[in-house]
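Hello,

Here is the structure you will be working with. My notes on it follow below the files.

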Amino acid sequence: MNFFEIKHKSKGRARTGVLHLPHGDVQTPVFMPVGTNATVKAMPKDFLEEIDFDIILANTYHLFLRPGADLINEAGGLHGFSQWKKNFLTDSGGFQVFSLSKLRKITEEGVRFQSHIDGSYHMFTPENVVQTQAKFNSDIQMQLDVCSGYGVDRKEAEKALRITSNWLLRAKKEWEKEQENGYKGLLFPIVQGNFFEDLRKESAEFVSSLDMPGIAIGGLSVGEPKEEFVKFMDYTVQYLPEDKVKYVMGIGTPEYILNAVASGVDMFDCVLPTRNARNGSYFTRKGMLSIKQERFIHDFGPLDPECNCKVCRTYSRSYLRHLFKEQEILSSILASYHNLYFLNNMVKEIRDAINEDRFEEYYNTFMTNFHSGV
């Protein structure tokens with residue numbers, strides 16, 4: 001089955017497409033809000049539907065630890081449990097194991113780790129991570145991988161890549177078993193290789209040879225300079241099949257999204273829009289706006305005059321500042337709504353620009369305005 005259709009290609013690598021998933025089609029390029037615990041923080045599912053999202057991300061590590069895969073399965077998967085009826089992408093939990101767990105041991109078999117919640121020990125293997133995500137009824141699941149950080153030496157990067165590649169073969173075999181049992185979700189392999197070009201090429205060619213539904217580019221946005229991110233993303237994409245949907249994990253600023261689209265990437269996610277929102281930082285056409293600043297005390301104008309979301313249509317900068325300073329829960333709700341609306345609207349504009357062969361013009365105009373200052 002052809003899970004991904006390319007609709008239009010612009011000059012360069014930017015393109016629009018449609019991803020066919022069990023809980024509805026997804027137009028690409030697409031930004032996916034992060035709902036770590038089967039909820040996007042401060043955002044009821046109705047708000048996500050209102051903004052017009054078709055897919056959100058949930059986190060395997062957190063949901064595996066609490067409330068557990070069996071309970072979620074009993075509730076009808078993530079869709080029944082959360083009542084979000086559109087698509088879920090779940091990551092493998094590997095990155096959280098490596099970033100949150102104080103004690104972890106990576107072996108050929110898998111990774112043994114200590115819960116950040118209660119210190120209990122658990123084991124992730126390529127097989128049980130696939131099984132867990134199948135219990136979630138994930139529409140897209142990710143393989144278990146080893147994500148090495150920016151600046152590690154070549155020996156460590158080579159070892160991480162070798163283990164990741166071996167784990168992929170085991171994950172693919174387990175996913176095929178789940179498919180035989182009626183599971184409809186897709187499995188994406190993850191390209192690793194750290195910041196070594198030959199390792200990136202080796203990984204990209206290996207995952208491409210397996211002819212899987214889509215491909216994720218991992219090991220980026222892990223603390224490297226922006227120039228390195230763009231360089232290695234662009235370098236990696238050239239070795240991936242053009243007809244496969246491509247996903248870069250962990251990017252959520254306009255600049256990174258635009259660079260990803262220009263490189264031929266179709267999917268991206270990040271906690272940044274909602275995390276920024278909780279800290280009083282808003283996306284606007286003219287850049288980031290920190291609502292806590294005193295200059296907004298008597299500013300009764302809209303947050304972003306060019307935004308058509310209900311927050312900008314309804315509330316003033318003065319009121320939004322007041323909510324933030326008083327630490328009202330509503331501050332996080334309204335800011336999260338606006339930031340997610342802003343990015344989703346931007347991605348819709350990007351799709352229109354690609355379809356009308358004016359992506360380069362849109363890119364330049366948007367970035368000029370975004371750096372002009374609020």
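**Nonpolar cores**

This is a predicted model. Its largest nonpolar core has 79 residues, and the members that touch the most others are Phe31, Ile257, Phe268 and Ile350. Helix α14 (residues 329-355) supplies the largest share of this core, with 12 residues. A second core, separate from that one, has 21 residues, among them Leu21, Ile55, Leu57 and Tyr247. As background, nonpolar side chains in soluble globular proteins tend to be buried together.

Phe268 deserves a look in the viewer. Not counting residues up to four places away in sequence, Phe268 touches Pro29, Val30, Phe31 and Met32, then Tyr247, Val248, Ile251, Ile257, Ala260 and Val261, and also Val347. Two residues in that list, Phe31 and Ile257, are named with Phe268 among those touching the most other members of the largest core, while Tyr247 belongs to the second core.

**Helices α7 and α8**

How do α7 and α8 cross? The axes of α7 (residues 154-180) and α8 (residues 197-209) come within 11 Å and cross at roughly 5°. Angles under 35 degrees count as roughly parallel, so α7 is roughly parallel to α8. On the α7 side the contact involves Arg154, Ala157, Glu158, Leu161, Ser165, Leu168 and Leu169; from α8 come Asp198, Leu199, Glu202, Ser203, Phe206 and Val207. Sorted by class, this contact has 7 nonpolar, 2 polar and 4 charged residues.

**Thr125**

Thr125 sits in the loop between β9 (121-124) and α6 (126-136). Is Thr125 buried or exposed? Its relative accessible area is 9%, so Thr125 is buried. Leaving aside neighbours within four places in sequence, Thr125 is in contact with Glu109, Gly110, Leu144 and Arg170.

Regards

Notes. Residues numbered from 1 in each chain as written. Predicted model: local features only at pLDDT ≥ 70, side-chain atom pairs only at ≥ 80, totals over all residues. Heavy atoms only, no water. Axes fitted to C-alpha atoms, helices over the stretch in contact; angles between N-to-C directions. Helix = DSSP H or I, 4+ residues; strand = E, 2+ residues; numbered from the N terminus. Parallel < 35°, antiparallel > 145°, perpendicular 65-115°, else oblique. Contact = heavy atoms within 4.5 Å. Nonpolar A, V, L, I, M, F, W, Y, C, P; charged D, E, K, R; others polar. Buried < 20%, exposed > 50% of the residue type's maximum accessible area, 1.4 Å probe, protein only. Core = buried A, V, L, I, M, F, W, Y, C linked by side-chain atoms within 4.5 Å.
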